[in-house]
Amino acid sequence: MLMNNYRNVDVNKSANIYYEGRVISRNIFFKDGSKKTLGVMLVGEYEFNTASREVLEIISGKLNFKVDSSDDWQFIKEGMSFNVPENSSFKVKVLELVNYTCAYFDE
C-alpha cells in the first residue's frame, strides 16, 4: 500500500528543474536526516545520473526505464517502484504523465 502523504518534514521552496521544465521535483527532509524528492515527469525521454542508490516509486502514470548496466527496458506503472544503483545512470521513456517519489540511500 502506498503512503499518500508525509508528515513532519521540511520542504525546499525552490524546485529542482530539469529538461526545460519537463521534469520538476522538490526535496523533502525527514527528522531522521533522510531525504526524498517528490516530482513530476511529462511525456518524453530523459537520462539521470546517480550518486547514491535510489528507489523511485511511481504514484501515477506509466514509463519504461533501464539502468546503464542493462540493455533491457522495463515497464513501470502506478504502484510500482524500481531501484537504481549508486554511481550509475538510468533512462526513462515517460509514456503518460508521472508523479513519483525518489528515496536516496547512502550505503
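Two exercises with worked solutions follow, on aromatic rings and on the nonpolar core.

This is a predicted model, in which local features need pLDDT of at least 70 and side-chain atom pairs count only at pLDDT 80 or more, while totals for chains, interfaces and linings use all residues. Residues are numbered from 1 along each chain as its sequence is written, and side-chain values use heavy atoms, with hydrogens and water left out.

**Exercise 1.** Describe how the rings of F65 and F82 are arranged, and state whether each residue is buried or exposed.

*Solution.* Begin with the rule: rings of Phe, Tyr and Trp (its six-membered ring) pair if their centres lie within 6.5 Å, and planes under 30 degrees apart count as stacked, over 60 as edge-to-face and the rest as tilted. The centres of F65 and F82 are 3.8 Å apart and their planes differ by 20°, so the pair is stacked. Next, place the two residues: F65 lies in strand β6 and F82 in strand β8, 17 residues apart, where a strand is a DSSP run of E with at least two residues, numbered from the N terminus. Finally, buried means under 20% relative accessible area, exposed over 50% and partly exposed in between (1.4 Å probe, protein chains only); F65 has 4% and is therefore buried, and F82, with 3%, is buried as well.

**Exercise 2.** Find which strand gives the largest share of the largest nonpolar core.

*Solution.* A nonpolar core is a set of buried Ala, Val, Leu, Ile, Met, Phe, Trp, Tyr and Cys residues joined through side-chain atoms within 4.5 Å. The largest one has 18 residues, of which M41, L63, F82, V92 and Y100 touch the most other members. Two or more residues come from each of β5, β6, β8 and β9, and the largest share, six residues, comes from β9.

How values were computed
Helices (H or I, at least four residues) and strands (E, at least two) are DSSP runs, numbered from the N terminus.
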